[in-house]
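The following report describes a single chain, working outward from one loop residue to the wider architecture. Please read it alongside the sequence and the coordinates.

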Amino acid sequence: MLFLIGTRDSNIKNGEIFNEKCPKCNEENTLHFSIYRRYTHLTLIPLFPVGKLVFIKCSHCKETFNYEDLSESIQLKLRTEKTGNSIWMFTGSFILALFLIFTIKNYFDKKDETSILIKTPIVGDVYNLKFSDGYYSNMKIDKVTKDSVYTTHNDFNAYLPYEIDALDKSENYTNRKATYSKKELLELYKKDEIIKIKRSKYPIQLLKSEYQIPITK
Ligand SMILES: [Zn+2]
């Protein structure tokens, strides 16, 4: 996805300045103003406003003026013009904040879930591992006894953490058997070598019966 960042101007108010004279032609009530608010955007989604721009033009002599060229009292009138709030200019910031909150919450939920699952290993659990040499992989639990957990390690390693889940295919668990005590597994979790545990949401029994196909001859 391509992100484009930039600024845009939105015209938020137009009007006339009363009881003031044009600095050039000296006519009264001829000054018109346009106020623009500049905002930053990310791929056209407004992030936040960054400033105001004011354009002033005299309807009599057609001269345009910069804000700085105007008298103190005209500047004050422009400054006190009510422009309303432009809360929509924060849309993108709001979305980004929500996204960030969701990501952080999800991270802690997953961490929390792992800290509970590590205490009660069951057959079928998949443990995501981080080795001390920096590689990632996973292992699947085959059998659990009172103290020991029998596992099969994945045949493959991943270089990056987000690639681990893609390795989790049943044909990748073949002959790398390893047995751990439950205490050892807890130690590995504390040392951050077990980084995530995935448990099937459905009891294994249910899945089996669902996939049973009657044999007819
Ligand atoms: Zn004028």
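Ser71 is found in the loop between β4 (64-65) and α1 (72-79), where helices (H or I, at least four residues) and strands (E, at least two) are DSSP runs numbered from the N terminus. Because it has 11 C-beta neighbours inside 10 Å, Ser71 counts as exposed; a residue is buried if 20 or more other C-beta atoms lie within 10 Å of its own, exposed if 12 or fewer, and partly exposed in between, with C-beta atoms placed from the backbone. Although 49 residues separate Ser71 and Cys22 in sequence, their C-alpha atoms are 9.6 Å apart in space.

This is a predicted model, in which local features need pLDDT of at least 70 and side-chain atom pairs count only at pLDDT 80 or more, while totals for chains, interfaces and linings use all residues. Residues are numbered from 1 along each chain as its sequence is written.

The chain is divided into domain 1 (5-94) and domain 2 (118-203), with bounds that come from an automatic or database domain assignment. The centres of the two domains, taken over C-alpha atoms, are separated by 62 Å. Helix α2 (residues 91-117) has 27 residues that should span 39 Å at 1.5 Å a residue, and its end C-alpha atoms are 39 Å apart, which agrees; the expected span is 1.5 Å times one less than the number of residues. The number of buried residues in α2 is zero, so this helix lies largely in the open.

An open sheet of five strands follows the order β8-β7-β6-β5-β9, with antiparallel pairing, two strands being paired if DSSP finds at least two bridges between them. Strands β8 and β9 stand at the edges with a single partner strand each, so one side of each is left without a neighbour in the sheet. β5 and β9 pair over four bridges, and the bridge partner of Tyr127 in β9 is Ile197.

| Strand | Residues |
|---|---|
| β5 | 126-130 |
| β6 | 136-144 |
| β7 | 148-154 |
| β8 | 173-181 |
| β9 | 194-198 |

The largest nonpolar core has nine residues, including Val126, Tyr127, Met139 and Ile197; such a core is a set of buried Ala, Val, Leu, Ile, Met, Phe, Trp, Tyr and Cys residues joined through C-beta atoms within 7 Å. The elements giving two or more residues to this core are β5, β6 and β9. Apart from it lies another core, of eight residues, among them Cys22, Leu31, Phe33 and Ile74.

Technical notes
Two residues are in contact if their C-beta atoms, placed from the backbone, lie within 7 Å. Axes are lines fitted to C-alpha atoms, for helices over the stretch in contact, and angles run from 0 to 180 degrees between N-to-C directions.
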